[in-house]
Amino acid sequence: MPHERFRFRTLDDLVAKVEELGLDLPLDTDLSPLARRVRIGQKETPNALAIHPMEGCDGTAEGRPDDLTIRRYLRFAHGGAGLLWFEATAVMREARANPRQLLLVEETADSFARLREDALAHGREANGADYDPYTVIQLTHSGRYSRPVDKPAPIIAHHDGVLDGVMNIPADHPLVTDDYLDRLQDRYVEAARLAARCGFDGVDIKSCHRYLLSELLAAHTRPGKYGGSFENRTRMLLSVVRRVREEVPEVDITLRMNVFDGHPFPWGWGVSQEDANTPDMTEPLRLIGLLREAGVALVNVTVGNPYFTPHINRPYDQNIVGAPVTEEHPLEGVARIIDLARQVREAHPDLVVVGSGYSWLRQYLGNAAAAVLGRGWADIVGAGREAFAYPDFARDLLNEGAMKTRGVCVACSRCSQIMRDHGRTGCAMFDREIYGPIYEEGRQAHA
Ligand SMILES: Cc1cc2nc3c(=O)[nH]c(=O)nc-3n(C[C@H](O)[C@H](O)[C@H](O)COP(=O)(O)O)c2cc1C
C-alpha cells in the first residue's frame, strides 16, 4: 500500500483509513486506560505512558549531561509520564555513537544522579508532590555505529552482506573478539552498579537497533562461542543480564529489544529466512522467555535499524534528506509494531511490555495507546519523537483528555537529520528557537 502523509482532520477519518487498509490498529475514545498504574518490580508507575529513550547527542566531551541534556529531562519530567527512560548511555568511551553521547563511568556518575534528581524535582513541581515516575537508564555499546571521536570506528560482531557495503566496511575489518565481549560484561555490571547508586529504578541492557548486543543476536555467520547457534548468539545478552542480576540485585533489569530487524537472513534477527520484510518471532519469543527467567522485569519492544530501515523503526511522513521514502503506508508500520508487542505480551503475560512507534499518529497517539492498553496488548505505551515535539503529551492526555492539535510531532525526520548531521538534536519544528538554527547549520555543513 502506497506511502501517504498524515492528512486526517478527525479521529473518524483516521479510523476510516485504518479500515480501508484492513489493519488491526484500534483507536478508542475512552482514554481511561492511560491513567492505569503499572507495577514494575517493587514500584508502581503513576500512569501507563512513557517517554522512550531519545538521544540528544548533547553531553559534554567527558560524557556528562550538558545544558541541553538537562533541559530535555526537565521538560520530559514536566510532562508527567509514568515512566521516564533515559537515553542511550555508553558503558565505555569507545562504545559511544558520537563524541557527545552520554557515558556512565565512575567519573561521570554523580552528574547522572543530579540529572535524575533535578528532573524529578521539576516533575514534582509541575505534577504534584507525589509524582514519582519509574526511571530507567539505557546502557549501550554502539558496536558497528561507534564514533567516539569525529570519525566512525566500527566494532562489528559479524560481517553483514548489506550493511558493510553501505558503511564502507572492508571485508578484512576484524570482528570484535570473544575476549573483548567477555570483558565488556564487566563494564555493563559496573555501569549498572553506578546506575543503581544514582537512584535509577531500572537499567536497560540495550539490545536493539543493530548496536552491538542487537547485532550479536543476528550473528549467524560469526565463528566461536558468540555466533552461530541460538545459544551462542544470545550468550552475551543473557550473560550480562545474569551477571547484573547476581551482582547488582538492587536494580531492576529491563531491555529495549528488537524483535524484528527487517534485515535479510543470515544477517537479520527475528526475520523470515525467505523474506526480510516478514517477521519470525520464534527466536525473539524464546529469548524473552529466557530473559524473564534470568530476572528481566520489563521489555520495551522495538524493531528495525534507524540508519537503514527507519520506516520500520519510526514511521514518518518524510525521510531524512536524500533518502528514499518507503512504499509502505506509515499506518502499516505502526500496526506492525503494535502487533509484535502484542505477540510478546501474549506469550509472556507476567512480563511488563512497553509499546513503541506511535508518534506518526499525531494527536491520536493517545487513542491508539488507550485501545492497546485496554485490550491488554501492552502494559505501557511510550512516545519518542512526540516527546521532543510535545513533551507535555502525557500531561495533556491525562489532565485534559486530549492532546492539542498544534505542536504535535509531524514525523518530518528533522530530529533524525540533525543526528545524522552530527548536531545536538531535538525538534526543529516545535522547539524551533533552539533546534531550528542547529538543523540549518547541519544542513549547510552536510548538504
Ligand atoms: C533523534 C532520535 C534519537 C533516538 N534515541 C534513541 C535512544 O537513545 N535509544 C533508543 O532505544 N531509541 C532511540 N530512538 C528511537 C525512539 O526511542 C523510538 O523508538 C522511535 O522514534 C519510534 O517511536 P516514535 O514513533 O514514538 O518516535 C531515537 C529516535 C530519534 C528520532
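Q: By class, how many nonpolar, polar and charged residues does the shell around the ligand have?
A: The shell has eight nonpolar, 10 polar and six charged residues. Ala, Val, Leu, Ile, Met, Phe, Trp, Tyr, Cys and Pro count as nonpolar, Asp, Glu, Lys and Arg as charged, and the others, Gly among them, as polar. By the way, this is a predicted model: local features need pLDDT of at least 70, side-chain atom pairs count only at pLDDT 80 or more, and totals for chains, interfaces and linings use all residues. Residues are numbered from 1 along each chain as its sequence is written.

Q: Okay, which residues are closest to the ligand?
A: Glu55, Ala88, Ser359, Gly384 and Arg385, out of 24 that surround the ligand (C-beta atom, placed from the backbone, within 6 Å of it).

Q: And which element gives the most to that shell?
A: That's α15, with three residues. Helices (H or I, at least four residues) and strands (E, at least two) are DSSP runs, numbered from the N terminus.

Q: What about β4, is it buried or exposed?
A: Eight of its eight residues are buried, so β4 is largely enclosed by the rest of the structure. Buried means 20 or more other C-beta atoms, placed from the backbone, within 10 Å of a residue's own.

Q: Which strand does β4 pair with over seven bridges?
A: β6 (residues 134–140), in the parallel sense. Strands pair if DSSP finds at least two bridges between them. Thr89 has Leu139 in β6 as its bridge partner.

Q: Switching topic: how many helices and strands does the chain have?
A: 16 helices and 11 strands.

Methods
A residue is buried if 20 or more other C-beta atoms lie within 10 Å of its own, exposed if 12 or fewer, and partly exposed in between; C-beta atoms are placed from the backbone.
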